[in-house]
Amino acid sequence: MPAIAYVNGKFCPIEKAVVSVEDRGFQLGDGVYEVLRTYHGRLHAVGAHLRRLFRSLDAIELKHRFTAGGLERLLRQAVRRARFKDALVYLQVTRGAAKRMKEFPQGVSPTLVITVRPMELPPPEARQRGVRVITAKDVRWLHCDVKSICQLPNVLAANKAKAAGCYEALFIASDGTVTECASANIFMVNNGVVITPPKSANILGGITREEVIALARRHRIPLRERHITLRQLLAADEVFLTGTTAEILPVVCVDNHRIADGKPGPVTQRLYALFLRHVG
Ligand code: PLP
């Protein structure tokens, strides 16, 4: 089965999908996006993803006529057509195609693109042995809570991580606190307490992050949302990252510094078992 795309009202094979060279997403990064996945052919947490999409659309003042119900129907239709057991679903809205100008163009409709492709899971050894991350200076803007398609700092950091043989790049703010990874949120465990940076304009409010927090609360695993310095993270008992594709992935090494004994920890493993039950 080939990957499929939906562009402004039409489905087609992904390699046939096109948008205008004047699209403001292409020229200015003027748009927002969401990444969802399916489990056993069913879209996971679609309501939460669409709520975040509408918050992002509002934040960039992108006028549209989309409704949550309409987009959900479209996403379900796309997933049904693609027929992958586990699919990665990408949805992007830009301010549309118009003569290039910085200010908002008048009388232009947004461009809506959806793609559905087979899910590529992290390699099994990443889950069993844990992953290595490198740190990168957080040079992003002051609205990281908006899921903007302007991803250049994340692109550069992710590429730096890959070149270093690492799974992810962990952003460090100028005050020495850790914010999040290029495509995931960050957690640590200390004396049995799960700790993650609080929601703010400096991080994306991850859907998986929320699910992990809810699971911890439901199962009475102590959890605090508070700032974490890099120094505290390096001294943690366990570190893990969360995201739609990564799910919950143990981090065993940060910049060549081993976390505890360098093995995935028990709290991370327990949370992952609970997560699998939750999505299964
Ligand atoms: N933080 C960033 C910067 C991301 O790009 C992502 C996901 O792509 C996440 C966190 C995790 O978010 P979610 O759990 O909603 O996938």
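**Exercise 1.** Which residues are linked with K85 and D86 in a network of salt bridges?

*Solution.* The model is a predicted one, and the network should be read with that in mind. Step one is to list the members: R37, K85, D86, R127 and E247 are linked in a network of salt bridges. Step two is to look at one pair within this group, for the side chains of K85 and D86 meet in a salt bridge with a distance of 4.0 Å from N to O. Step three is to set this value beside the criterion, which asks for a side-chain nitrogen of Lys or Arg within 4 Å of a carboxyl oxygen of Asp or Glu. Step four turns to accessibility: K85 has a relative accessibility of 59% and therefore counts as exposed, while D86, at 23%, counts as partly exposed.

**Exercise 2.** Determine which salt bridges R140 forms with D138 and with E180, and state whether the residues involved are buried or exposed.

*Solution.* Begin with D138, whose salt bridge with R140 brings the closest N and O atoms to 2.8 Å apart. Both of these residues, D138 and R140, are buried. Next take E180, which also forms a salt bridge with R140, the closest N and O atoms here being 2.7 Å apart. This second pair links distant parts of the chain, since R140 lies in the loop between β7 (131-137) and α5 (152-163), whereas E180 belongs to strand β9 (residues 178-181), and the two are 40 residues apart. To classify burial, apply the cut-off of under 20% relative accessible area: R140 has 14% and is therefore buried, and E180, with 4%, is buried because it too falls under the cut-off. As a last step, place these pairs in the wider count, for the structure holds 14 salt bridges.

**Exercise 3.** Describe how helix α2 packs against helix α3, giving the angle, the axis distance and the residues that meet.

*Solution.* Two packed helices are described by the angle between their axes and the distance between the axes. For α2 (residues 46-59) and α3 (residues 68-82), the angle is about 125° and the axes are 11 Å apart. Angles from 65 to 115 degrees count as roughly perpendicular and those over 145 as roughly antiparallel, so α2 and α3 are oblique to each other. The handedness follows as a separate item, with α2 passing α3 in a right-handed crossing. Finally, identify the contact: V46, L50, L53 and F54 in α2 meet A68, L71, E72, L75 and R76 in α3. By class, the residues of this contact divide into seven nonpolar, no polar and two charged.

Note on methods. Residues numbered from 1 in each chain as written. Predicted model: local features only at pLDDT ≥ 70, side-chain atom pairs only at ≥ 80, totals over all residues. Heavy atoms only, no water. Axes fitted to C-alpha atoms, helices over the stretch in contact; angles between N-to-C directions. Helix = DSSP H or I, 4+ residues; strand = E, 2+ residues; numbered from the N terminus. Parallel < 35°, antiparallel > 145°, perpendicular 65-115°, else oblique. Left-handed = near helix turned anticlockwise from the far one by under 90°. Contact = heavy atoms within 4.5 Å. Nonpolar A, V, L, I, M, F, W, Y, C, P; charged D, E, K, R; others polar. Buried < 20%, exposed > 50% of the residue type's maximum accessible area, 1.4 Å probe, protein only.
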